[in-house]
Number of protein chains: 4
Amino acid sequence: MFNIALLGAGRIGQVHAANIATHKATTLWSVVDPNHEFAARLATQYQARLQSIDEAMADPNVHAVLIASATDTHADLIELAARHGKAIFCEKPVHLDLARVRDCLKVVNEYDVPLFIGFNRRFDPQFRRVKTDALAGRIGTPESLVIISRDPSPPPADYVRVSGGMFRDMTIHDFDMARFIMGEEPVSVYAQGSNLVDPAIGAAGDIDTAFIVLKYASGAMATIVNSRRSAYGYDQRLELHGSEGLLCAGNILENQVQHYGQNGCTSALPEHFFLQRYQSAYAAEWEHFVAVLRGEAVPECSGDDGERALYLADKALESLHSQREVSL
Amino acid sequence: MFNIALLGAGRIGQVHAANIATHKATTLWSVVDPNHEFAARLATQYQARLQSIDEAMADPNVHAVLIASATDTHADLIELAARHGKAIFCEKPVHLDLARVRDCLKVVNEYDVPLFIGFNRRFDPQFRRVKTDALAGRIGTPESLVIISRDPSPPPADYVRVSGGMFRDMTIHDFDMARFIMGEEPVSVYAQGSNLVDPAIGAAGDIDTAFIVLKYASGAMATIVNSRRSAYGYDQRLELHGSEGLLCAGNILENQVQHYGQNGCTSALPEHFFLQRYQSAYAAEWEHFVAVLRGEAVPECSGDDGERALYLADKALESLHSQREVSL
Amino acid sequence: MFNIALLGAGRIGQVHAANIATHKATTLWSVVDPNHEFAARLATQYQARLQSIDEAMADPNVHAVLIASATDTHADLIELAARHGKAIFCEKPVHLDLARVRDCLKVVNEYDVPLFIGFNRRFDPQFRRVKTDALAGRIGTPESLVIISRDPSPPPADYVRVSGGMFRDMTIHDFDMARFIMGEEPVSVYAQGSNLVDPAIGAAGDIDTAFIVLKYASGAMATIVNSRRSAYGYDQRLELHGSEGLLCAGNILENQVQHYGQNGCTSALPEHFFLQRYQSAYAAEWEHFVAVLRGEAVPECSGDDGERALYLADKALESLHSQREVSL
Amino acid sequence: MFNIALLGAGRIGQVHAANIATHKATTLWSVVDPNHEFAARLATQYQARLQSIDEAMADPNVHAVLIASATDTHADLIELAARHGKAIFCEKPVHLDLARVRDCLKVVNEYDVPLFIGFNRRFDPQFRRVKTDALAGRIGTPESLVIISRDPSPPPADYVRVSGGMFRDMTIHDFDMARFIMGEEPVSVYAQGSNLVDPAIGAAGDIDTAFIVLKYASGAMATIVNSRRSAYGYDQRLELHGSEGLLCAGNILENQVQHYGQNGCTSALPEHFFLQRYQSAYAAEWEHFVAVLRGEAVPECSGDDGERALYLADKALESLHSQREVSL
């Protein structure tokens, strides 16, 4: 049994708490959050204790930490946990600043603890199957990837201001997905973007609609289609075209009932929010982290993966501003 | 917190044990099964105790029983639990003999305990949505219902011999579904059947393929299409046609990935087995039973529902043998 | 070049006129219709002549007749054409009275002219593919067939009164389809029906909603689901289940555009009317008839097929009235 | 009745010949082609005469020409026809050289004859419906367009060498489609491409796989995904995302039959080739040209549209070579 200290009791922390508590091999040992109310509620629900970060670090019963706190605390907490020899599951991103990420990963390396970065979509059964089927040769050589990724509604401008911008906050998932599916590093990136959804986002210096093109050394290409808005729910699809076929991962619908009437045949909408859409992905990534804790696996998304996705986000931003393709 | 004694630690008992244990309002208090190995395994897994049936009945901490034992023990256990004032969740059917069912329900009535019969499919979100949408008037007046229900593979002939036959064992779910969706009792039934899947089923005096037609007083009709075999997984669909439209509940596919190649576009198969296909239905019916325990609801599937579905099965068999429509 | 006399210039005659005129091997030689206006319009459009029925029969240039006149004239016109040695394409049915059909077919036999009965749906590429795939063994042994066939809207009661009733007028297509797909004759039929769509149809002594069950000597079964009304267009589907799989022929949609919005994903309706839905079937059956004229094929739907479909309609009616399965 | 001289009796000329001949308002008056065998075959089939280009120009019975000859003859033939006062339907492109296009259009302008450029896809009912629905406000303000356009198999390298390259030969259709759907001119273009399908194409200096990004003054964007190869047939789709929804135009499948078996559910492939896929589009564009001949419409695709699509192709090539976004 592995005891987990959960650092951060907000929305995403609650998702992980449930997975930690229901997994046979893990116990939610303690909850750490400066927001006492949030921390206490979660601790009560899962019969865990409340700890300060120092207590959790000093507690020899804590085998691992799950970092689900505010983005700007991730790097510090990773370093702290590494220094105390705890295994680390950290929500993306490590940090919004690439230099800080690199420093942090050096510390992790030095203390040699496992670090898993929670790019949850890699564990979605649909997207994973596309990769597996492609590796099994079902479409020959992959040639072009189209990722369509649209959020149901834009974040508040306050959040946008501290988010690092759309590419570092939202598209970073798609950069990681492109890396996951294609299995090679891109050699160039081009980005185009607009502020169409909410003027407040533009006023905060950000965009909300974007197209990105990645080119690989093999000649293969990928494109990412992003929007902060989708009137029909969370739009999460991808298509991988190869020399011998095409693999398409479609949306998961809320139900399988169709209504036929005078105006046509109406199906349900895609699952509306990431908590539902990626519920099984969150469970699967926890299953993977348990295998890491057992020494049966190395982290499928490492600190290195976190760094590389952020690097692509930075370079996409450079392309957006320079209006040219950027070599990587 | 309601403490539940689980009577029966087999396959379906295990499904319920998980739902009981993970629900916030219920505890798996004890496991009762003459098969000590099965019982012990489940008890250990969920930190429950082992009890004999007498101990469970005498235990004032036990608020309710979940009967998941062999079919021929259901009626006896229901009566026993009723006499001890326990609330009852019983897997379908109450009994294979209609007279025995009626006697049993009298006892339940006398002791006035809640009895819920586990027709799980009523709690499937797809089928439930069809009913809800129909009640909301989305297709006008319902006129005809088509239920397609095919098992992935036939049961062994040994089981067939004690199953009460296809209509009482398998079609009974579809009879209940027709009652659930149409909301009125049929006035006639006609059944046609064949032994096509496994000669051993025929040798055991049963059929494995059937079409049934139900007629309602309103003039509406329903048909049930059954097979004990489906090469493509568990086929569970229905369509309700009304004066102003059609509602179709399709299969749930194993995944949403499509492969396009030289031979066409291939989608995943339907969920293969009832444990996966009706996973959310099992959870939802437990949620409902908790509401019953809390006194916030009366059982949506009562003993009466169990009796009526069995009655339809009996009359369908009479029609099959007499080659005529049977009035109800 | 084969010269065709078209007997009947109404709606269905116009469909055939277009196919006759555009086929490279046939000429619309003449149009025969007591309604002079209809006849003249078609003749002008395709540069054909107007003839009386006697002129057409006497005209040695006329190689074949296409009978698209009122139902009660079919048998007489078939006999007349047979006696004049013309090849015959006749819209279904030969006649509504089975004895009259048999007398008529004797005459055809005596004069040994080819007679094709226009069960157009056999030539629909979807349904034909189901048969071809089944014969190729793609689903093992066929075990059960479900035909769903709903008209967009009911006919006027005036028509209902002379139509021979729903089974002889509408379901006859589905009886023929069942015969076409299953390739064996049923041994029993059961029918259940209601008057739900239009009270005037009931007042005319007919039904508008029906379920029919056919049983075959092999143990295979078929069911037909009929309605004179469909709020969502012409509903024309079938499913053939076999020991190793399932073949489904779905509706043809009016277009392939999908709209996603707040209320779901909406697809187009099925093609609304038989003229659009079976446009390619009409062209294909004419292609087949040309092969018959060339002596390269015998009629795929013969007078015998017409007779057998009508026999099933008669027996279904007997079942409906007697409330029992009728042996064939 | 309008008499049409068909200039070019090859594959695409044959498609147009059939539409000209079956349209009630047009006659295939003559066929002009230096390949005498091709010309004679078509002329015989449709009872048209053979003419030299000079005879056709001098013939006062010829009201319009349909130019379906080799690409490098288009501009000369357009000028010739314009000088003789004939209305002109010309297959795309006017010419591969933009300067030559502009000179040619000046001549057309001077002689004031109608010129229609055959961008057939604008007349596809699916794509047209997307535009109509968007204009009707069904998705709010259009924000991003994704066009996926893949040919079933690459052209021979010999053709590639004279084709003007992938952008001018193949993508030009997609540039026109983007212009058609978005209804505004892009302000920048970026192109990325590879040679992945056939090394001979690379040896001929061309690419066979491309992603293109267009940006509009409104901030809206479009992307084009191209490949010269598709293992699963002709892949012709588009999606238009707007502030209030999404419109998707999917592929047209060869049939609507689905096969369920042990390996999944298999649907038919997309229509394999442009002749089938755009059959109704070719008929609809001819219908439109007849309206132009009647003076009831002006050409929906004018010479100006041809020029603008070619301009986008040229600029995309400039972007591909310069590895930067090109302003328009």
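Start by selecting Ser267(D) and showing its surroundings: leaving out residues up to four places away in sequence, Ser267(D) touches Asn263(B), Gly264(B) and Cys265(B), along with Leu253(D), Val257(D) and Gln258(D). Keep in mind as you click around that this is a predicted model.

Stay on this serine for a moment. Turn on the cartoon and you'll find Ser267(D) in strand E14 of chain D, which covers residues 264-267. Is Ser267(D) buried or exposed? Its relative accessible area is 14%, so Ser267(D) counts as buried. Now show side chains and pick out Gln258(D): a polar contact of 3.3 Å links its side chain to that of Ser267(D).

Next, hop over to chain B and select residues 279-293, which make up helix H11. Try putting a ruler between its end C-alpha atoms: they are 21 Å apart. That agrees with expectation, because 15 residues at 1.5 Å a residue should span 21 Å. Colour the buried residues of H11(B) and you'll light up Ala281(B), Tyr282(B), Glu285(B), Trp286(B) and His288(B), then the run Phe289(B), Val290(B), Ala291(B), Val292(B) and Leu293(B). Just past the helix, click Gly295(B), which has a positive phi of about 75 degrees.

Finally, zoom out and show chains C and D together. Chain D lands on chain C after a rotation of 180 degrees, with 0.0 Å of shift along the axis and an RMSD of 0.0 Å. The two copies are therefore related as by a two-fold rotation axis. To find that axis from chain D, select Thr22(D): its C-alpha is the nearest one in the chain, 4.0 Å away. Both copies use the same surface, with 100% of the contact residues of chain D recurring in chain C.

Methods. Residues are numbered from 1 along each chain as its sequence is written. Chains are lettered from A and ligands numbered from 1 in the order in which they are written. This is a predicted model: local features need pLDDT of at least 70, side-chain atom pairs count only at pLDDT 80 or more; totals for chains, interfaces and linings use all residues. Side-chain values use heavy atoms; hydrogens and water are left out. Helices (H or I, at least four residues) and strands (E, at least two) are DSSP runs, numbered from the N terminus. Buried means under 20% relative accessible area, exposed over 50%, partly exposed in between (1.4 Å probe, protein chains only). A polar contact is a pair of N or O atoms within 3.5 Å; within protein, one must be able to donate a hydrogen and the other to accept it, and residues adjacent in sequence count only if both atoms are side-chain atoms. Contact means heavy atoms within 4.5 Å. The expected span of a helix is 1.5 Å times one less than its number of residues. Copies are superposed by least squares on the C-alpha atoms of residues with pLDDT of at least 70 in both.
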